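Q: Please take a close look at a single part of this model, and then place that part in its wider setting.

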Amino acid sequence: MRVVVGVCGGIAAYKVVGVIRTLVLEGHDVHVIPTESALQFVGATTFEAISRNPVSTDLFHGVAEVKHVALGQSADVVLIAPATANTIAKLAAGLSDNLLTNSVLASRAPVVVAPAMHTEMWENPATQHNIGLLRERGMRLVGPESGQLTGSDVGVGRLAEHDAIVAAVTTALAPRDLEGRTVVISAGGTREPIDPVRFIGNRSSGAQGVALAEAARDRGADVVLVGANLEVPAPAGVRTVPVSTVAELREAVLERSGTADILVMAAAVSDYRPTTTAEKKMKKDAAGGGTSIELTQNPDILAELGAQESRPVLVGFAAETESDESALVELGAGKRERKGADLIAVNRVDEGRGFGTPDNEVLIVGDGGTVAARACGSKRTVADAILDAALAVRR
Ligand code: CTP
């Protein structure tokens with residue numbers, strides 16, 4: 001998607017470099033339009049290097065390409081960060097005295113505004129009135145937040161955090177095709193206690209499940225995230241139910257499956273648990289040089305859901321270590337059949353792939369055990385592909 005980022009002259013401009021980088025890494029085509037004063041804080045070279053696109057501020061540069069309207073017209077979303085009181089006032093008045101304000105006027109795309117300024121300027125009735133006008137016209141505000149400002153003062157006016165700005169942009173870009181639907185997602189990895197300090201666990205961080213929750217939220221769904229020992233922060237705007245053991249995860253998922261339209265079992269669930277859990281920490285001397293732990297098989301939650309007559313669209317995961325694609329598809333097809341799921345997202349895992357990495361690669365096995373879709377890229381890209389495939393099952 002094409003993201004136009006307008007940067008105004010405020011010290012928070014340096015933080016926006018990180019936002020631009022994230023948007024580029026997520027696969028967006030980012031075009032930066034700094035105002036003249038923004039360049040006092042961050043140079044055009046930095047914006048060009050980070051956005052991987054040429055940067056111009058001058059209204060009368062590249063006139064042959066009609067740049068003053070072309071950038072705005074071609075944008076899928078416009079982000080203004082930091083938005084200063086001055087630019088906010090210009091937007092409220094509909095002025096077009098520089099490339100940034102021209103581009104906003106020439107665009108029909110959603111506009112996300114992330115203000116940053118001193119508290120007095122933010123609270124000034126003129127600024128508040130202007131912000132009210134922008135809101136009325138459908139612009140989306142993110143922040144400002146309260147906290148330490150540039151000097152020693154503390155108050156409202158800090159630029160919103162990096163993640164909040166990125167989320168506002170991705171939300172503005174997302175189709176609202178899950179509006180009115182409930183999506184339940186399990187994520188993370190279960191822990192089965194051996195004693196009060198030890199457990200049987202796995203290497204799932206929960207990042208793919210959290211990306212699914214974010215994607216579903218952005219597409220308008222009501223999202224429940226059943227999070228097993230998540231190592232990544234749970235996203236804002238979703239209902240998170242923290243769990244740890246398989247029994248807790250099972251109860252939380254079954255309780256909510258009745259109201260779900262789509263249920264994704266992204267959690268890595270332990271197939272076994274210790275038959276008994278020691279009440280006190282186990283001592284090595286008591287084991288006499290060697291020991292064993294007796295294990296009991298856990299219920300298969302996905303299979304249990306798959307056997308229900310009336311059930312949501314069911315998506316399971318299969319983390320496999322095979323390297324051959326046909327073997328991966330076969331494993332996915334077998335798992336789909338055994339568990340009664342609609343789709344199985346098969347991903348190859350080994351050292352440096354799958355667990356703990358920012359990217360993922362999945363084959364989505366569907367009807368008749370064939371490949372319904374494949375996705376490769378950021379966990380967010382993979383999440384959107386899985387939701388697309390789940391929606392296709394519904395239809
Ligand atoms: N799953 C589940 N309950 C379990 C184990 C797994 O609901 N007790 C779900 C996982 O969340 C995942 C899918 O089933 O969506 C596949 O899990 P996996 O462990 O690969 O399946 P198994 O049937 O255990 O297959 P394998 O023989 O490969 O271990």
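Is I11 buried, exposed or partly exposed, and what is its relative accessible area?

A: This is a predicted model, in which local features need pLDDT of at least 70 and side-chain atom pairs count only at pLDDT 80 or more, while totals for chains, interfaces and linings use all residues. Residues are numbered from 1 along each chain as its sequence is written, and side-chain values use heavy atoms, with hydrogens and water left out.

I11 is partly exposed, with a relative accessible area of 41%, where buried means under 20%, exposed means over 50% and partly exposed lies in between (1.4 Å probe, protein chains only). I11 sits in the loop between strand 1 (2–7) and helix 1 (13–25); helices (H or I, at least four residues) and strands (E, at least two) are DSSP runs, numbered from the N terminus. Together with Y14 and F41, I11 makes a nonpolar surface patch of about 310 Å², a patch being built from residues with over 30% relative accessible area and no salt bridge (a side-chain nitrogen of Lys or Arg within 4 Å of a carboxyl oxygen of Asp or Glu), with nonpolar side chains (Val, Leu, Ile, Met, Phe, Trp, Tyr) joined within 5 Å and like charges within 9 Å. Accessible areas come from the Shrake-Rupley method with a 1.4 Å probe, and for residues only the protein chains shown count as cover.

As for the wider setting, the chain is divided into domain 1 (2–173) and domain 2 (182–394), with bounds from an automatic or database domain assignment, and 38 Å separate the centres of the two domains, taken over C-alpha atoms. Seven bridges join strand 8 (residues 182–188) to strand 11 (residues 222–228), which run parallel, two strands being paired if DSSP finds at least two bridges between them; V184 has V224 as its bridge partner in strand 11.
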